Amino acid sequence: MDQLIVQTLHGLVTGMVLAMVASGLTLIFGIMDVVNFAHGDLMMLGAFTGATVLGVTGSFWLALLAAAIAIAVLGVLLQITTLRPLIGRDPLTTILATFGISLVIQKYALWQWGPSVRRITEPVPGHFTLFHLEYPWYRVATALLAGVIIAALWLFLKYGKYGIWIRATTQDRVMAQAMGIPVPLVHTAVFAIGSAMAAASGVLFGPFAGVTQTMGFDFTLRAFIVVVVGGMGNLGGSILASIFVSLVEAYAAIVVSPAQAVIVSFVVLVLTMLFRPTGLFVPTPK
Amino acid sequence: MLTLRDVHAHYGKSHVLHGVSIEIRAGEVVGLLGRNGVGKTTTLKAVMGLVRRTGGQIVFDGQDLAAVPTHQLAALGIAWVPEERRIFRLLTVLENLRTGLDRPGLAPARREELLERVFARFPILRERRHQAGGTLSGGEQQMLAIARAMVLEPKIILLDEPTEGLMPRMVSQIREIVHALHRDGVAILLVEQNVPLTLEAADRVYIMEKGVVRHHGQAADLRANPAAIHEYLGV
Amino acid sequence: MTPRARYWAGFAAVLVVLVLAPLVLPPFWQRFVTEILIWGLLAMSSDILIGYTGMVSFGHSAFFGLGMYGAAAALLMVKPPSLGLAVLYGLVGAGAIAVFVAYFATRLRDIYFAISTLVFSQIFYVIIFTWTEVTGGENGLTFSQPPLAIPGLWSARFTPVTFHWFVLAVVTAAYLVIRRVTQSPFGMVLQSIRENEPRTRAIGYHVERYKIIAVMLSGLVAGLAGVLYAIQNKFAAPDFVFFVVSGEVVIFNVMGGMGTLVGPFAGAAFFLLMREALSRFLTEYYLIPLGIVFVVMVIFLPQGLLGFARRALNR
């Protein structure tokens, strides 16, 4: 029983971090039909950048901010140089391009920071006792912070002036252009937002397991699963799906090893694609 | 004000416009008639930069539109009301209007004014302003599409089949709106299947067939002598 | 010379070069050329899907891996080790997975299919990595190389040179067969699916059936490549089932030219040679410039190195 509760906590916390990563990915896909293979690697770069800034300044919050801004800038550069030229081409070319970018980013990180694991110290120290386990406070703080950031994103999209631009462009790119909305700029801005969120989630996740070059790929894979299960382009759906998938995986880890628990997520993905391809958390389209 | 000179356009490999030449002067209502598939909508899309132009010139207010990306046309004064209306279904009526009202350089006072004006002309939109665009009826969506174009304060509105699928009562309303816009000095390029409405509302009329303009004349002349109408439209 | 004759002349010339290569090259490069052939075979199998049918698959590492482990199973379980059996087991293994993937190919389109193939290769990776008792887990399996044998009649151990010729023979045979298939009416339908699937369906073709066969064919050839690799290196390891291998295969396709069948070989050669050259100076960071080259090619040279000759190569 207590294992169940501990795993529930694990699942919820990881789910919130995953939700941050996935919401960027689903926004990007929804607005410009780009499946960003390098999304998890942006998270990884954010984590490394954060670790470096933390090492220099000693401030976790500064590290978080710096990482988000740095990676947002990188995202803008990437979008302008490699993704804009591909607009109008077969959408699969963007998968290939972002796949290539992912490889370059991973090796660059290896070159820049070396193969050893970087540590990000917990921003909120201390544990509380949950049954016979010591559960760190910062994990709860991470989940809360992730929730706040996602809520802020949601509010911005719903009520902000530019939020309307983003939503309009997502629904009908052509009509948005006809209304004078600078769609190319909106695309770049959304990519920047997605990148910043990925980077921030990297810094938040840093204290969990240390920062390595390959942490990105795991999240990219899971983020793909979540985006499909939640409904491509559906922000609310991807958040629910993140929590759902993380919980399912956490529970599975009770029975099988953590490495094998990921198969459960894959199965969820495959079943969703077969039977509810528009997403589990999306009302059936008419 | 808006001149199309020998414009050619392609959909992929398909050559759809074979040299269309049309002129609309400031404040005019110009009708574009023709059977289904002759290229009327494509002509509007060519102006909007939404279809591949492979020849000819489109000039607006002295400026060649070839190098102007679609999203800069609204600022120049060109508004588009497409055939399918293309309301942002998940945005509310108010948000739909805001896509035009939120443009840079518009003072808040003027925004309020424009919004009021549009609500005054279309009271039903005020009533439904917090409703999602997709929940409106066909006629209401058409009004929203026109209102959305109006808040751009355009010099010309490209109006594509506004009466399609509407009840007679709505069709009258559309007729009135076109008159009102004309009075306000807004030019209109009106693509329509409804010939009587077009002949009554327009100053001049072009008739298209197979991607070219076949006939051009004053609406009054065509009203008096409908031979060309019969020939090209079989009506 | 007619284009056809020109093509076969060119083909013969390349073949002669490849036959003579191991005789003049030092051992390292002998192996290298053989490896290029094997990876090229794998990439060619992917070209059937990506170049001719228009389906991007990130799952070829699964077919390759199953071929590898299938061969390993035959060589470890049946004594004396038999080449024929290794090929058989490998093909059966790859084929079984291909059936699975084929099912999904018919239900999912484009991006969803690509993602699901990625997921499959990862599932297999995890299974192989963690099922240590059967697959040797992280360490993989090692075994000895089977001889080239006609049972009961004659048997000879492979030398690097004879093995190269064996691989060359297999690859050439596979290429000719696939080429025949892509130029047949069946192949034409595949290309029509790539160009415009809804229209192909509207004309009356059972798009699903064609896709299934394409996936099966692709999977079997990929499995064959896995068998060859296993025999060459005498081991099977989970690294080869990891997604990165699938990714590299796609890179070979794009770099070499999709829809050409020989393009993948050129792409594999280009990539592997560049990797060899760059890693002398940059060690493992060779992927940074090479990755950038790949991205640049996707944007500016999407038809790949041999893409310009696509029409000629498909005659």
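**Contacts, an interface and a sheet**

In this predicted model, Thr94(A) touches Asp33(A), Val34(A), Val35(A), Leu83(A) and Leu86(A), leaving aside residues up to four places away in sequence; contact here means heavy atoms within 4.5 Å. Thr94(A) sits in helix 4 of chain A, residues 91–113. Helices (H or I, at least four residues) and strands (E, at least two) are DSSP runs, numbered from the N terminus. With a relative accessible area of 6%, Thr94(A) is buried, a label for anything under 20% (exposed is over 50%, partly exposed in between; 1.4 Å probe, protein chains only).

A word on bookkeeping: residues count from 1 along each chain as its sequence is written, while chains are lettered from A and ligands numbered from 1 in the order in which they are written. Local features need pLDDT of at least 70, side-chain atom pairs count only at pLDDT 80 or more, and totals for chains, interfaces and linings use all residues, with side-chain values using heavy atoms and leaving out hydrogens and water.

On to the chains. Two pairs of them touch, and chains A and C share the most contacts. Chains B and C have no contact, their closest C-alpha atoms being 13 Å apart. Chain C and chain A each put 37 residues into their contact. About 3400 Å² is buried between them, 88% of it from carbon and sulfur atoms; buried area is the accessible area (1.4 Å probe) that two parts lose on being put together, summed over both. On the chain C side, Ile111(C), Tyr112(C) and Ile299(C) lose the most area to chain A, together 17% of what that side buries.

Between chain C and chain A there are zero salt bridges (a side-chain nitrogen of Lys or Arg within 4 Å of a carboxyl oxygen of Asp or Glu). Helix 4 (83–107), helix 5 (110–130), helix 11 (243–256) and helix 13 (287–300) of chain C each supply at least two residues to the side that touches chain A. Helix 5 of chain C gives the most, with 13 residues.

Chain B has an open, antiparallel sheet of four strands in the order 2-1-4-5. Strand 2 (14–24) and strand 5 (63–64) of chain B are at the edges with a single partner strand each, so one side of each has no neighbour in the sheet. Strands pair if DSSP finds at least two bridges between them; strand 1 (residues 2–11) and strand 4 (residues 52–60) of chain B pair in the antiparallel sense over seven. Arg5(B) has Gln57(B), in strand 4 of chain B, as its bridge partner.
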